[in-house]
Amino acid sequence: MLRYLYADELYKFPDLADGMFRDRADQFKTRLGWDVHVDVHGQEKDQYDDLNPLYVIWEEDDGSHGGSMRVMPTTGPVMVNDVFGHLTGGQPICSPLIWEVTRFCLSRTASPHTAGAIMLSGGEMMEGFGLTHIAGVFDARMIRIYRLIGSSPDVLGSEGKGRDQISVGLWPYSAQDCTRVAERAGIPRELSRLWFKTAFGTGRQQRFPLSA
């Protein structure tokens, strides 16, 4: 199932949180060789994890971490502006209706539908919170994955070549994309909406500002 958890709620699911940060270390440091910091506990974290972001986490049937991504509003500090702003021509992406997703991570034992489920959560957030776009930074390997999932971004700028290429893109809200991603992931929209409503629909609203 999909869980939507702010950083200050991760203590309720310690094993799931530990698995997420360890799998981030495994993916970004070990497998991709990125210059990221891994702490003494084997977890990968950066300064944005200290800002109480929202995490979308796919929890496997056994309670383990299958995959996840980090979500933050572009009205505050975000990687697309702080680190990769030069890829958008120096024009910052800053809107209460555009949120950034980063650290899209899959465990080595992730279920086949995990990537699609996590992408589907982006559509649920856009639909549920009235967002116009999701912004993200991604490497070349993700382009094929996005196509298979059924939702590809509009690329704003790139640097590097081949497998080392890094891009910034925007995913506009599309009901058709949501339906296609759900179908390819094999997850009924009713179930996906239920996971979202369980997190935000009964007295627990999102905490990011929706107005400037």
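This section describes two pockets and three buried residues of a predicted model. Local features require a pLDDT of at least 70 and side-chain atom pairs count only at pLDDT 80 or more, while totals for chains, interfaces and linings use all residues. Residues are numbered from 1 along each chain as its sequence is written, and side-chain values use heavy atoms, with hydrogens and water left out.

The largest pocket has a volume of about 640 Å³. Among the 40 residues of its lining, Val101, Thr102, Arg103, Phe104 and Val137 are the closest to the centre. A pocket is here an open set of points on a 1 Å grid over the protein atoms alone, where a 1.4 Å probe fits, with protein on both sides within 12 Å along at least five of seven lines; lining residues have an atom within 4 Å of a point. Volume denotes the space filled by probe spheres set on the points, which are joined across faces, edges and corners. At least two lining residues come from each of β4 (98–106), α3, β5 (133–139), α4 (140–149), β7 and α5 (175–185), and α3 contributes the most, with six. Helices (H or I, at least four residues) and strands (E, at least two) are DSSP runs numbered from the N terminus. By class, this lining comprises 24 nonpolar, eight polar and eight charged residues; Ala, Val, Leu, Ile, Met, Phe, Trp, Tyr, Cys and Pro count as nonpolar, Asp, Glu, Lys and Arg as charged, and the others, Gly among them, as polar.

For the second largest pocket, the volume is about 200 Å³. Its lining consists of Arg31, Leu32, Trp34, Asp139, Ala140, Arg141, Arg163, Asp164 and Ile166, of which four are nonpolar, none polar and five charged.

Threonine 114 belongs to helix α3 (residues 114–129) and is buried, at a relative accessible area of 0%. The class buried means under 20% relative accessible area, exposed over 50% and partly exposed in between (1.4 Å probe, protein chains only). Residues up to four places away in sequence aside, threonine 114 touches Trp58, Glu60, Gly66, Gly67 and Leu106, where contact means heavy atoms within 4.5 Å.

Leucine 170, in strand β7 (residues 166–172), is likewise buried, at 15%. With the same sequence neighbours excluded, its contacts include Ile93, Ile98, His133 and Pro153. Glycine 157 lies in strand β6 (residues 154–159) and is buried, with a value of 14%. Beyond four places in sequence, glycine 157 contacts Leu87, Ile166, Ser167 and Val168.
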